[in-house]
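Subject: Handover of a structure and summary of what was found

Dear colleague,

Please find below the structure that I am handing over to you. My notes on what was found in it follow directly after.

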Amino acid sequence: MPSTCAVLARVAVMAARCVSLLRRSLPALALSLRPQTRPAPRLLCTAAKQKNNGQSLEEDAGHSEQKADPPSTEKTLLEEKAKLEEQLKEATEKYKRALADTENLRQRTQKLVEEAKLYGIQAFCKDLLEVADVLEKATQSVPKEEISEGNPHLKNLYEGLVMTEVQIQKVFTKHGLLRLDPVGAKFDPYEHEALFHTPVEGKEPGTVALVNKVGYKLHGRTLRPALVGVVKGA
């Protein structure tokens, strides 16, 4: 029995020691266990914050890029607009110059056509002038005293020549060919050709005293100048 009591006593002592050890180790165990229970939410919060911060940074970067893009796009559009306006201006100037050149060419061509219509018969008229000169000399060479009823053949011939001369002058006038007989008119170097100068009493110097050969103008242009003698001062 005494041995049993000793064993129980020893067991009781060992149990007391275990309890005291447990009491001592509980605070340390609680402290060691406490960080393991609460770090997870903190870590989750930190990760969430970091994630949110990352997302916000990315969003801010995206917004900044979006904000940066419009000015560059607007600048590009303005440059394109300026280029197009410059090209339009150049094209408009070229178009205006082309229109002006075309109009000038049209006017010159029209003028040439009109001049060709007016003066296309110039060479033909010059040839006819010789015929008119011959007719005039023929009528002037007939003695007026010989034109009588006693000489009917000469009279008829003379009248025929006069009628032919009158008719040819009518044809000349119809086609713009006018006769120049400037006796007593002021000398004009564009219409007259001076053969000689002579003092004539009672005539104003610089006027035409004598017409040796009549001249002609075709539509205002001198076709043949009149050959004249001009009065000079005494």
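F172 is placed in helix α4, which covers residues 152–174. In this predicted model, F172 counts as buried because its relative accessibility is 2%, and the limit for that class is under 20%. Along the chain, F172 and L129 are 43 residues apart. Their C-alpha atoms are separated by 9.4 Å.

Overall arrangement

The protein chain has 4 helices and 6 strands. Read from the N terminus, the order of these elements is α-α-α-α-β-β-β-β-β-β. The chain comprises 234 residues, of which 16% count as buried; F172, described above, is buried.

Salt bridges

Side chains of opposite charge can pair when their charged atoms come close. A search of the whole structure finds 6 salt bridges, and several of them are described here.

One of them joins E103 and R106, with 2.6 Å between the closest N and O atoms. Both residues belong to helix α2 (residues 39–119), where they stand 3 residues apart, about one turn of the helix. With a relative accessibility of 31%, E103 counts as partly exposed. R106 also falls in the partly exposed class, at 43% relative accessibility.

A salt bridge is also formed between K217 and E191, whose closest N and O atoms are 2.9 Å apart. This pair links distant parts of the chain: K217 is in strand β4, whereas E191 is in the loop between β1 (177–180) and β2, and 26 residues separate them. Both K217 and E191 are buried.

Salt bridges that share partners also join E136, R179 and D181 into one network. Within this network, R179 pairs with D181, and their closest N and O atoms are 3.9 Å apart. R179 has a relative accessible area of 33% and is therefore partly exposed. D181 is partly exposed as well, with a relative accessible area of 44%.

The largest pocket

Rolling a probe the size of a water molecule over the atoms shows where empty space is left. The largest pocket holds about 210 Å³ of space. Which residues line the largest pocket? They are D133, E136, K137, Q140, D181, V183, V211, N212, K213 and V214. Two elements, α3 (122–141) and β3 (208–213), each give two or more residues to this lining. The largest contribution comes from α3, which gives 4 residues. By type, the lining divides into 5 charged, 3 nonpolar and 2 polar residues.

The pocket and the salt-bridge network can be read together. E136 and D181 are among the residues that line the largest pocket, and E136 and D181 are also joined with R179 in the network of salt bridges.

A nonpolar patch on the surface

L195, F196 and L210 form a nonpolar patch on the surface, and together they have about 250 Å² of accessible area. L195 lies in strand β2, which spans residues 192–198. L195 is partly exposed, because its relative accessibility is 40%. L210 is found in strand β3, one of the elements that give two or more residues to the lining of the largest pocket. With 46% relative accessibility, L210 counts as partly exposed.

L210 may also be viewed alongside V183. The two residues are 27 residues apart along the chain, while their C-alpha atoms are separated by 6.1 Å. V183 is itself one of the residues lining the largest pocket.

A backbone detail

H219 has a phi near 55 degrees, which is a positive value in a residue other than glycine. Where in the chain is H219 placed? H219 sits in the loop between β4 (215–218) and β5 (221–224). Its relative accessible area is 34%, so H219 is partly exposed. Strand β4, at one side of this loop, also holds K217, the partner of E191 in the salt bridge described above.

Places to begin

When you open the model, three places may serve as starting points. One is the buried pair of K217 and E191. Another is the lining of the largest pocket, to which α3 gives the most residues. A further one is the patch formed by L195, F196 and L210.

With kind regards

Methods
Residues numbered from 1 in each chain as written. Predicted model: local features only at pLDDT ≥ 70, side-chain atom pairs only at ≥ 80, totals over all residues. Heavy atoms only, no water. 1 Å grid on protein atoms, 1.4 Å probe; cavity = no way out; pocket = protein on both sides within 12 Å on 5 of 7 lines; lining within 4 Å. Points joined across faces, edges and corners; volume = space filled by probe spheres on them. Nonpolar A, V, L, I, M, F, W, Y, C, P; charged D, E, K, R; others polar. Patch = residues over 30% accessible without salt bridge, like charges linked within 9 Å, V, L, I, M, F, W, Y side chains within 5 Å. Areas by Shrake-Rupley, 256 points an atom, 1.4 Å probe, with all protein chains shown as cover. Salt bridge = Lys/Arg side-chain N within 4 Å of Asp/Glu carboxyl O. Buried < 20%, exposed > 50% of the residue type's maximum accessible area, 1.4 Å probe, protein only.
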